[in-house]
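Let's walk through this structure together, one strand at a time. Have the model open beside the text and follow along.

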Amino acid sequence: MDLSTITKYLQSLSLPAFRRRQIVKNYFSGHFTNFTQMTDLPLELRTTLDQNFPLLSVKEINLLSTTNSQKALLKLKDGQKIETVLLDYHDWLSVCASTQVGCPLGCKFCATGKMGFIRNLTSEEIVDQIIFWNNYLINRHCEKSSTKQSPQGGYPYVGRVAFMGMGEPFLNWDNLILALNTIRSRDGLNLGNRKISISTAGIVPRIYEFADLNTEINLALSLHSAIQSTREILMPIAQKYSLPDLLTALHYYTHKTSRQLFLEFAPIADINDAQKEIDALIKLLKSDKLFFLNLIPLNPVKGGLVPSTKLKLIEKQLTAAHIDYSLRHSLGQSINSACGQLATFS
Ligand code: SF4
């Protein structure tokens, strides 16, 4: 819901301020998909609002499920489509949110990158992905009881958000910041900074800007090679922002925030799994004690690259070099909802 538009509309009707507060509270609760359902509002107002505004800027057109992940294809007001994913990590529910329709960066291991760039999402469209999933969880909870409840013991709800869906978040900076403000706001979704993660392909100027914001939001970098020539093959953005410049920005971030920075590395057969690649990766990881490696088995993308068979060997060498790392287990590969698999070609 576009809060400024609806506020202006309510003002034009000369309604008391508490009506806006009621509507905003209802909207963020995730309990409603339209205004008619808000029975705490006068019927006439509900009807008028529904005639003028959709409550959510996204509409479900398809939903695929596995036991621990759901992927929704959502239609936007202009007919464009995005994908968003709900992941069940047993102790919490996390949304993988998109920030763009498509992506201009064309990383070779990514299905979104093959779509090209269509447009940035508005802050409303970013936030509404989370409200969409809260709504889904509440409705499903009403159908069958669930174990994922809010701390107050109420309905299940989205507890974490990762901007790792379609698009490069730092290329949609203004709308990302607006959406983050709403997601973190007490009067919005009230999600803590540490429950939010952003993954970037390495937009150097924005890494500085993000560091200067000094939030406690988690930052991850898609590294995938610590060798410039290899990174340029996998991620064309590396031609614009070189590894030395990128590393200077990353060191600035860790120094400024004193926060861990997550480096993502997906081993790919015959591209970044040679010994010199592993040596360069270890050297880079040792250059900053706040760098932390997330080793991610490559998710297959149609016509794409082949996962390396050397994962065990890489792990052995990391352990021998006393590097702390985490091996990420992808949820949702079977429905193409894992990292790098989101796309809306259809
Ligand atoms: S990995 Fe991220 S930045 Fe790269 S093409 Fe895919 S969506 Fe864009």
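Let's begin with a pair of residues: S65 has Q70 in β2 as its bridge partner. At another point of the pairing, V58 stands opposite L76 in β2. These contacts belong to β1 and strand β2 (residues 69-76), which pair in the antiparallel sense over 7 bridges. Here two strands count as paired if DSSP finds at least two bridges between them. Strands (E, at least two residues) and helices (H or I, at least four) are DSSP runs, numbered from the N terminus. With 3 residues between them, β1 and β2 form a hairpin.

Before going on, a word about the source: this is a predicted model, in which local features need pLDDT of at least 70 and side-chain atom pairs count only at pLDDT 80 or more, while totals for chains, interfaces and linings use all residues. Residues are numbered from 1 along each chain as its sequence is written.

From β2 we can step on to strand β3 (residues 81-88), which pairs with β2 in the antiparallel sense over 7 bridges. Within β3, V85 is the bridge partner of K71. The hairpin of β2 and β3 has 4 residues between the strands, and G79 takes a positive phi near 90° there.

Now zoom out to the whole sheet. It is open, has 10 strands with mixed pairing, and follows the order β1-β2-β3-β4-β7-β8-β9-β10-β11-β12. β1 (58-65) and β12 (325-327) each have a single partner strand and stand at the edges, so one side of each is left without a neighbour in the sheet. On average, neighbouring strands of this sheet are turned by 25° against each other, direction ignored; the axes behind such angles are lines fitted to C-alpha atoms.

Next, look at β7. Strand β4 (residues 93-96) runs parallel to β7, joined by 3 bridges, and V95 has V161 as its bridge partner in β7. Another 3 bridges join β7 to strand β8 (residues 196-200), again in parallel, with F163 opposite I198 in β8. Which way do the side chains of β7 (residues 160-163) point? They alternate: V161 and F163 point to one face and are buried, whereas R160 and A162 point to the other and are not. Buried means that 20 or more other C-beta atoms, placed from the backbone, lie within 10 Å of the residue's own.

Finally, turn to the ligand. Of the 13 residues around the ligand, C103, C107, C110, G113 and A201 come nearest; a residue is near if its C-beta atom, placed from the backbone, lies within 6 Å.

Key:
Buried ≥ 20, exposed ≤ 12 C-beta atoms within 10 Å, placed from the backbone. Axes fitted to C-alpha atoms, helices over the stretch in contact; angles between N-to-C directions.
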